[in-house]
Amino acid sequence: MYRLTNSIQHYAWGSPTAIPDLLGTEATGEPVAEAWFGAHASAPSRCVREDGSAGSPLPEVIAADAAAVLGADVEARFGAQLPYLLKVIAAESPLSLQVHPHVRRAREGFDEEEAAGVPLDAPHRSFRDRNHKPELVYALTRFEALCGFRAPRRAAELLDGLDAPLAKELRAMLDAQPSAAGIKAVFERLLRPATRPSPQEVAEVAAACEARLAAGSPSPRADRTVVRLREAYPGDPGVVTSLLLNPVTLQPGDALFVPAGGVHAYLSGLGIEVMASSDNVLRAGLTPKHVDVDELLRNVDYVAAPPIRIAPETFHGATRVYYAPVDDFELSVTRVADGAAHPLPGRGPRVLLCLEGRLVVSSVRDGDLELVQGDAAFVPASDGPLRVHGDGVLVQADVP
């Protein structure tokens, strides 16, 4: 077992205090959006030496003996790389309207940008690796999001009665095509550079939602979201696009799965994310970052479907396991307080993060490792089964 550092991402939408408070680090006043625990090339964790100093990057530890660190099965399926990335995410303001690519398009897009000589760290680059990025978010606080498309008729209902020319036009489009094709037509109308509405047209829709809200809206949540997004990103077509998307509220302990191709935007909250090891994000709006509308539209899934909530299964009483419908990762949350040693689920390479209290993780091969709130560890496959005791909460990412 190795103690593990994290890599902090200071995106503008982050909270100055939520992640520092969770991890027990000093807040500097700068927004802290994400803390990464993993081996992605963009921001790899490092294994900590016995004296507390940062040692080798995790990718180097894996490369030195991939068969032992990953296990034969994981290496055979994913090569000599950790297939997932664990994050803490803290959204104080809404973040981008986005889609993650499917694996085939991720490989094609990455190779195209490499051939074009676009630097990996270029702000205008869309593909930073060759992997897909399905993800699961586990809420630590109330967590608000938009995820996937509403049924076309429901989207049309939300546009009905809004005293704004753009809203009336979009309603007519959905009335003419109350299907995935109609959602696609409206979505493209709002986002493509040749047809996207002007800031004034967006403002008119937002003002109509605000007026409906004041008058006693039949859909106050949708109208509040439009008004909120207008305040954060005035004039952005993503403000209106929110009316096409399903609202999601996660309470602490709830989990949401977002597949590749699923359009989504996180609005607020603190959570744990686990995803395929990728940094590929295709954005269409609600962001100051690079927007690639054509590429997002190439990858998005337009079929209306409710958000995918993952119900946990209980493992040995103390652990809830969230099985995502992908091969790259699964997430478990263990709460112990009785002093007994509880077995942890999973196998292969594991990343552990202590969310509360003081815990001792034990392996037959490598002995004990004490973790307090904010501490993380990497456990090679060769360490075998794990047990935990103490008083606290432990999150674990591993490979199915």
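This report describes the largest pocket and the largest cavity in a predicted model.

## The largest pocket

Start with the open space. The largest pocket has a volume of about 1100 Å³. Its lining is made up of 50 residues. Look for His40, Arg128, Asp129, Asp279 and Asn280 in the structure, because by the lining rule they belong to this wall, and they lie nearest the pocket's centre.

Several elements build the wall. Helices H2 (58–64), H4 (72–78) and H5 (103–115) each supply at least two lining residues. Strands S6 (84–91) and S12 (264–276) each do so too.

What is the chemistry of this lining? Of the pocket's lining residues, 20 are nonpolar, 14 are polar and 16 are charged.

## The largest cavity

Now turn to the enclosed space. The count comes to 1 cavity of 30 Å³ or more. The largest cavity has a volume of about 40 Å³.

Helix H10 (220–232) and strand S10 (245–250) are the elements that give two or more residues to the cavity lining. H10 gives the most, with 3 residues.

## Residues around the cavity

Which residues line the largest cavity? They are Leu146, Arg150, Arg221, Ala222, Thr225, Ser242, Leu243, Leu245 and Pro247. Find them in the structure.

This cavity lining divides into 5 nonpolar, 2 polar and 2 charged residues. Leucine, alanine and proline count as nonpolar. Arginine counts as charged.

Key
Residues are numbered from 1 along each chain as its sequence is written. This is a predicted model: local features need pLDDT of at least 70, side-chain atom pairs count only at pLDDT 80 or more; totals for chains, interfaces and linings use all residues. Side-chain values use heavy atoms; hydrogens and water are left out. On a 1 Å grid over the protein atoms alone, a cavity is a set of points where a 1.4 Å probe fits but cannot get out, and a pocket is an open set with protein on both sides within 12 Å along at least five of seven lines; lining residues have an atom within 4 Å of a point. Grid points are joined across faces, edges and corners, and a volume is the space filled by probe spheres set on the points. Helices (H or I, at least four residues) and strands (E, at least two) are DSSP runs, numbered from the N terminus.
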